[in-house]
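Q: I have a protein chain in front of me and would like to learn how to read it. Could you take me through it feature by feature?

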Amino acid sequence: MANTEMALKDAMNSIEGAIGVALVDYGSGMALGTLGGNQSIDLNVAAAANTDVVRAKLRAMEMLNLQDRIEDILITLGTQYHLIRLLTGRGGSGLFLYLVLDAKRANLAMARHQLKRIESDLEV
């Protein structure tokens with residue numbers, strides 16, 4: 001079992017191309033923890049903004065009567081990938097992991113795999 005700090009460090013150290021990572025409460029839009037980032041990405045601002053992305057997708061699924069769950073939301077930019085993974089286990093309801101990757105250095109399949117592993121170890 002990993003706490004928030006350990007999980008964020010694990011993401012930054014084990015995921016190739018990681019620029020920054022945050023654990024976010026999408027009820028409030030607040031980051032419960034952040035690590036990394038740079039001049040072009042403020043993880044606290046990104047956490048709040050991406051909360052709207054999660055809420056919009058959940059509303060769309062409800063309107064479409066989709067009886068399923070979101071695993072990941074991927075946003076691809078010219079130079080970055082933004083990966084949102086909704087947490088499902090051990091008190092993670094209402095939370096998501098937000099990962100920013102350098103598109104030139106990242107392997108998306110491996111990043112998704114690692115984020116899923118980190119989620120399974122995370123105890124909130």
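What follows is a conversation between a learner and a teacher about this predicted model.

Q: Which secondary structure elements does the protein have, and what pattern do they follow along the sequence?
A: A reader may begin by listing helices and strands in order. The secondary structure here comes to three helices and five strands, and, read along the sequence, these follow the pattern α-β-β-α-β-β-β-α.

Q: What does the radius of gyration say about the overall form of the protein?
A: The value is set beside the one a compact globule would have. For 124 residues such a globule would have a radius of gyration near 14 Å, and the protein, with 14 Å, agrees with that expectation. The C-alpha trace spans about 40 × 35 × 25 Å along its principal axes. Of the 124 residues, 42% are buried, and the accessible surface comes to about 6800 Å², of which 51% belongs to carbon and sulfur atoms.

Q: How many positive and negative charges are there, and how far apart are their mean positions?
A: The protein has 12 positive and 14 negative charges, and the mean positions of these two groups are 3 Å apart.

Q: Which strands pair with β1, and in what sense?
A: To read a strand, one looks for its bridge partners, and it helps to know that in a regular strand the side chains alternate between the two faces of the sheet. Strand β1, residues 18-25, pairs with strand β5, residues 95-102, in the antiparallel sense over seven bridges, and six bridges join β1 to strand β2, residues 30-36, which also runs antiparallel to β1. As points to find on the model, Val 24 has Phe 96 of β5 as its bridge partner, while Val 21 has Leu 35 of β2.

Q: Is β1 mostly covered or mostly open?
A: Strand β1 is mostly covered, with seven of its eight residues buried.

Q: What is found between the strands of the two hairpins?
A: The hairpin of β1 and β2 has four residues between its strands, and in this hairpin Gly 29 takes a positive phi near 85 degrees. The hairpin of β3 and β4 has three residues between its strands; strand β3, residues 72-76, and strand β4, residues 80-86, pair in the antiparallel sense over five bridges, and Asp 72 stands opposite Arg 85 in β4.

Q: Where does a positive phi occur in a residue other than glycine?
A: Most residues other than glycine have a negative phi. Asn 65, however, has a positive phi near 55 degrees, and this residue is found in the loop between α2 (43-63) and β3. Asn 65 counts as exposed because its relative accessible area is 55%, where exposed means over 50%.

Q: Which residues does Leu 8 touch beyond its sequence neighbours?
A: A contact list shows which parts of the chain meet at a residue. Leu 8 lies in helix α1, residues 4-14, and is buried, because its relative accessibility is 5%. Not counting residues up to four places away in sequence, Leu 8 touches Val 21, Ala 22, Leu 23, Gly 33, Thr 34, Leu 35 and Leu 97. Leu 8 and Leu 23 are 15 residues apart in sequence, and their C-alpha atoms are 7.8 Å apart in space.

Q: How are the contacts in the protein spread along the sequence?
A: Among contacts between residues at least 6 apart in sequence, 55% join residues at least 24 apart. One case is Asn 3, in the segment before α1, whose C-alpha atom is separated by 5.5 Å from that of Glu 123, although the two residues are 120 apart along the chain. Leaving aside neighbours within four places, Asn 3 is in contact with Leu 122 and Glu 123, and at 40% relative accessibility Asn 3 counts as partly exposed.

Q: Is Gly 94 buried or exposed, and where does this residue lie?
A: Gly 94 lies in the loop between β4 and β5 and is buried, because its relative accessible area is 18%, where buried means under 20%. Beyond its neighbours within four places in sequence, Gly 94 is in contact with Val 24, Asp 25, Tyr 26 and Gly 27.

Q: What does Gln 114 contact?
A: Gln 114, in helix α3, residues 108-121, is in contact with Ser 14 and Ile 15, leaving aside its neighbours within four places in sequence. At 14% relative accessibility, Gln 114 counts as buried.

Conventions
Residues are numbered from 1 along each chain as its sequence is written. This is a predicted model: local features need pLDDT of at least 70, side-chain atom pairs count only at pLDDT 80 or more; totals for chains, interfaces and linings use all residues. Side-chain values use heavy atoms; hydrogens and water are left out. Buried means under 20% relative accessible area, exposed over 50%, partly exposed in between (1.4 Å probe, protein chains only). Two strands pair if DSSP finds at least two bridges between them. The radius of gyration is taken over C-alpha atoms; the globule rule is 2.2 Å times the number of residues to the power 0.38. Contact means heavy atoms within 4.5 Å. Accessible areas come from the Shrake-Rupley method with a 1.4 Å probe; for residues, only the protein chains shown count as cover. Lys and Arg count as positive and Asp and Glu as negative; His and the chain ends are not counted. The place of a charge is taken as NZ of Lys, CZ of Arg, CG of Asp or CD of Glu.
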